[in-house]
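Student: I have not seen this structure before. Please show it, and then let us work through it by questions.

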Amino acid sequence: MVHLLVVTGIRFYREGLSAVLAGRPGIAACGTARDADEARACMAAEPPPDVVLLDVALAGARELVTGCAHPAGARVVVIAVGERDDDLLEWAELGVAGYVGRDGSVEEVCEVVDAAARGELRCSPAMAGTLLRHLSTLAGIVRGARRDGPAVQLTAREHEIVVLIAGGLSNKGIARSLGIEVATAKNHVHNILHKLQVEHRGDAAAWLRLHPPALPATPGAAAMVDRRLIPA
Amino acid sequence: MPEQARVVLGMLPPLLGGIVRRLLAAAPGILVVGEARDAPSLADVVRRHQPHAVVVEMEGDALPPHLCTLLCAAPGLAFIGIARDHSRATLFLLRRNRILDLGPRDLVSAILSAPPQQA
């Protein structure tokens, strides 16, 4: 039986989805949390949730996903209930177990949650195609790095920022962590992606795994490594 | 047995619409009588089904002109406009109460019975 946690700041979805999902076979209990702090408290309680249904628009959503990214962690299904769809690949890189876009139906949410509980991924053919293409890009980066060695030279600042990207931080989070403007963080991220010749932040995170920094230069980056957000 | 509250749903996004449908189906005394696929068809659906309430998704807090027209044509109808971020809703009502054999006190009472507008 699956313990589920619905996390969104929008009360209608928190209570509505919880009511819909709680009545489904295989769901033992369905808790709710309105923000990241409440969610963390629910995840620390007994029994912990097996699956977390998380609103992408929630402040701190990325940090919640990375916090679950270990074998014993809850499987996180992200759902774009707000006004925009988010970057599927970015969420996939952070380790989510499922994704439902803004146009997803209640039935789709139920199916994705059920699949995540079984350790499976239910996704549309278009989504599967996007994920496979991305996997292919990442594999190309790995092959290239093994063959050619580290040809790309990032500045110390850019290295710090790649560490923060790999930790799941948004541009806003990076800016806050380094005490710089969001626009500056955005420029750095843009330059990094250009230097690495990749399109997505997840690709930059994959590059970092092949070129881990010897010593993190800032407390923010050090914390990311300490929290084992960067695989060795 | 009192009449059921008849509801029309208008152009709700799939997830919101799915939750609203389930919610209303389980609510005693409420019957969803129709759904509009797009803005132009909403007036037809409302005319055909004569609902007590219409639930729509709305941009901002102001009732769009085509819904104002619909409301004026069907006094007594309630519009519930759910904001685009789905965190709040606005209820629009246009009530028509006839005062027959109008006297001065009736006029004062009518004015006093109008609820103050909220900001």
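Student: How much area does chain A expose, and what share of it do carbon and sulfur atoms supply?
Tutor: Accessible areas here come from the Shrake-Rupley method with a 1.4 Å probe, and for residues only the protein chains shown count as cover. For chain A the exposed area is about 11,500 Å², and the share from carbon and sulfur atoms is 53%.

Student: What kind of model is this, and what pLDDT do local features need?
Tutor: Residues are numbered from 1 along each chain as its sequence is written, chains are lettered from A and ligands numbered from 1 in the order in which they are written, and side-chain values use heavy atoms, with hydrogens and water left out. This is a predicted model, in which totals for chains, interfaces and linings use all residues, side-chain atom pairs count only at pLDDT 80 or more, and local features need pLDDT of at least 70.

Student: What share of the residues in chain A is buried?
Tutor: Chain A contains eleven helices and five strands, where helices (H or I, at least four residues) and strands (E, at least two) are DSSP runs numbered from the N terminus. A residue is buried under 20% relative accessible area, exposed over 50% and partly exposed in between (1.4 Å probe, protein chains only). Of the 232 residues in chain A, the buried share is 47%.

Student: In what order do the elements of chain B run from the N terminus on?
Tutor: Chain B has four helices and five strands. Starting at the N terminus, their order is β-α-β-α-β-α-β-β-α.

Student: Of the contacts in chain B with a separation of 6 or more, how many percent come from residues 24 or more positions apart?
Tutor: A contact means heavy atoms within 4.5 Å. In chain A, among contacts between residues at least 6 apart in sequence, those joining residues at least 24 apart make up 63%. For chain B, residues 24 or more positions apart account for 60%.

Student: How many salt bridges does the structure hold over all chains?
Tutor: A salt bridge is a side-chain nitrogen of Lys or Arg within 4 Å of a carboxyl oxygen of Asp or Glu. One group of residues, Arg62(A), Glu90(A) and Arg201(A), is linked in a network of such bridges. Over all chains, the number of salt bridges is 17.

Student: In which helix do Arg40(A) and Asp37(A) both lie?
Tutor: Arg40(A) and Asp37(A) form a salt bridge, with the closest N and O atoms 3.5 Å apart. Arg40(A) is partly exposed at a relative accessible area of 41%, while Asp37(A) is exposed at 57%. The two residues are three apart, about one turn of the helix, and the element that holds both is helix α2 (residues 36–44) of chain A.

Student: How far apart are the closest N and O atoms of Arg122(A) and Glu111(A)?
Tutor: Arg122(A) and Glu111(A) form a salt bridge, with these atoms 2.5 Å apart. The pair links distant parts of the chain, eleven residues apart: Arg122(A) is in the loop between α5 (106–117) and α6 (125–148) of chain A, and Glu111(A) is in helix α5 of chain A. Arg122(A) is partly exposed, at 32% relative accessible area, and so is Glu111(A), at 34%. The distance asked for is thus 2.5 Å.

Student: What is the area buried between chain B and chain A?
Tutor: The contact involves 14 residues of chain B and 16 residues of chain A. Buried area is the accessible area (1.4 Å probe) that two parts lose on being put together, summed over both. Carbon and sulfur atoms give 66% of this area, which is about 1,300 Å².

Student: Which three residues supply more than any other three of the area that chain B buries against chain A?
Tutor: Their joint share of the area that chain B buries against chain A is 47%. The three residues are Leu15(B), Ile19(B) and Arg22(B).

Student: Which side chains meet in a salt bridge of 3.0 Å, N to O?
Tutor: Between chain B and chain A the count is one salt bridge. The side chains that meet at 3.0 Å are those of Glu107(A) and Arg22(B).

Student: Which residues make the nonpolar surface patch of about 390 Å²?
Tutor: Patches are made of residues with over 30% relative accessible area and no salt bridge; like charges are joined within 9 Å, and nonpolar side chains (Val, Leu, Ile, Met, Phe, Trp, Tyr) within 5 Å. One member, Leu102(B), is placed in the loop between β5 (89–93) and α4 (104–113) of chain B. Leu102(B) is exposed, with a relative accessible area of 54%. The patch is made by Ile99(B), Leu102(B), Leu107(B) and Ile111(B).
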